[in-house]
Amino acid sequence: MFGFGRKFLVGSGLLDGWVDLHSHVLWGVDDGARGENHAREILLELQDMGVARHFATPHIMGQVHRNDEVALRAAFDERMAPLALELELDISLAAEYMLDNSFLAKLQAKHELLTLDDHRVLVELPMADTGFAWDEIFSKIEDAGYRAVLAHPERYSHLKLSDMMLLKERGVELQLNILSLSEFYGHRVQGKAFEMLAAALYDFVGSDAHDARMAEHVNVIDLTRSERKHFAALMERSRGLLS
Ligand SMILES: [Fe+2]
């Protein structure tokens, strides 16, 4: 992809002060970090890239990762607090909620969710279209007093650019996975991510880190001058929204 006018993202300074609102660094609760040493390795790598503020966002899924808020808080306080002190991390706990029936039940029961700030909630959809009426859930999230931040919209094969625009109009915020700008998830996702970046559809950038060695993929991301401009604006907006 490297060509005239393109510059590598890493080393551009654009990642400095990154507020990474999506990661799976709390170990032992989902498919992310496998232990304390692994979490340390991932967090150090993220710090090296420029992350200044971290969020640990374990999966909460009815079927696979049956985490609940109380247990996650306890795990975070017990395991992450000492590591945060050791690495001098600014790290908070939130969660990545799968929009499924168990999430819907929580909303209906007015269950208190793990949020990014006082009202933003990070959510994800199944990767493929399961026929689940996910679009109605966004209204229900809003009615419950929350604002949805949709994780990695570029990765859902069933969502077109026009769908993203509709979601934005409904007040849903969109979070880019940094690795989507590389070939990590394939060319299709990469193309969509660049298209959405150019259309200024994103509000946040997350690492969605499950493992270390992200740098080898992030290191090859290169951007044109106009993409750098869009990315800089996105990083700035993202910092402001969660400050
Ligand atoms: Fe995630």
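# A walk through the helices and loops

The buried residues of helix 2 are L72, F76 and M80. That is a good place to begin our tour of this predicted model. What do these buried residues pack against? Their partners are strand 3, residues 51–56, and strand 5, residues 91–93.

Stay with M80 for a moment, since helix 2 does not run straight past it: a kink of about 40 degrees lies there, shortly before the proline P82. Just after helix 2 ends comes E88, and the phi angle of E88 is positive, near 55 degrees.

Now look at the neighbour of helix 2. Helix 1 covers residues 36–49 and helix 2 covers residues 69–87; the two pack with their axes 11 Å apart, at an angle of about 45 degrees. Helix 1 and helix 2 are therefore oblique to each other, because an angle counts as oblique when it is neither roughly parallel (under 35 degrees), nor roughly perpendicular (65 to 115), nor roughly antiparallel (over 145). The crossing of helix 1 past helix 2 is right-handed. Which residues make the contact? From helix 1 come E36, A39, R40, L43 and L44, while helix 2 supplies R79, L83 and L87. Sorted by class, this contact has five nonpolar and three charged residues, with no polar ones.

A second pair of helices gives you something to set beside the first. Helix 6 spans residues 187–198, and helix 8 spans residues 225–241. Their axes come within 9 Å and cross at roughly 70 degrees, so helix 6 and helix 8 are roughly perpendicular to each other. To find where they meet, look for F194, L197 and A198 in helix 6, and for E227, H230 and F231 in helix 8. In this contact, four residues are nonpolar, one is polar and one is charged.

Follow the chain on from helix 6 and you enter the loop that leads to strand 10, residues 204–206; A200 is found in this loop. Phi of A200 is positive, near 55 degrees, although A200 is not a glycine. Is A200 buried or exposed? A200 has 12 C-beta neighbours inside 10 Å, so it counts as exposed. Further along, R213 sits in the loop between strand 10 and helix 7, residues 215–218. R213 is another residue other than glycine with a positive phi, here near 65 degrees. R213 also counts as exposed, because it has 9 C-beta neighbours inside 10 Å.

Can a loop residue be buried too? For V172, look in the loop between helix 5, residues 161–169, and strand 9, residues 173–177. V172 is buried because 20 other C-beta atoms lie within 10 Å. Leaving aside neighbours within four places in sequence, V172 is in contact with F138, A148, L150 and L167. Take L150 from that list: V172 and L150 are 22 residues apart in sequence, yet their C-alpha atoms are 6.9 Å apart in space.

Our last stop is E124, which lies in strand 7, residues 120–124. E124 has 24 C-beta neighbours inside 10 Å, so this charged residue counts as buried. Beyond its neighbours within four places in sequence, E124 is in contact with E96, M98 and A151. E236, by contrast, is 112 residues from E124 along the chain, and their C-alpha atoms are separated by 23 Å.

Conventions:
Residues numbered from 1 in each chain as written. Predicted model: local features only at pLDDT ≥ 70, side-chain atom pairs only at ≥ 80, totals over all residues. Axes fitted to C-alpha atoms, helices over the stretch in contact; angles between N-to-C directions. Helix = DSSP H or I, 4+ residues; strand = E, 2+ residues; numbered from the N terminus. Left-handed = near helix turned anticlockwise from the far one by under 90°. Contact = placed C-beta atoms within 7 Å. Bend = angle between axes of the 7 residues up to and from the residue.
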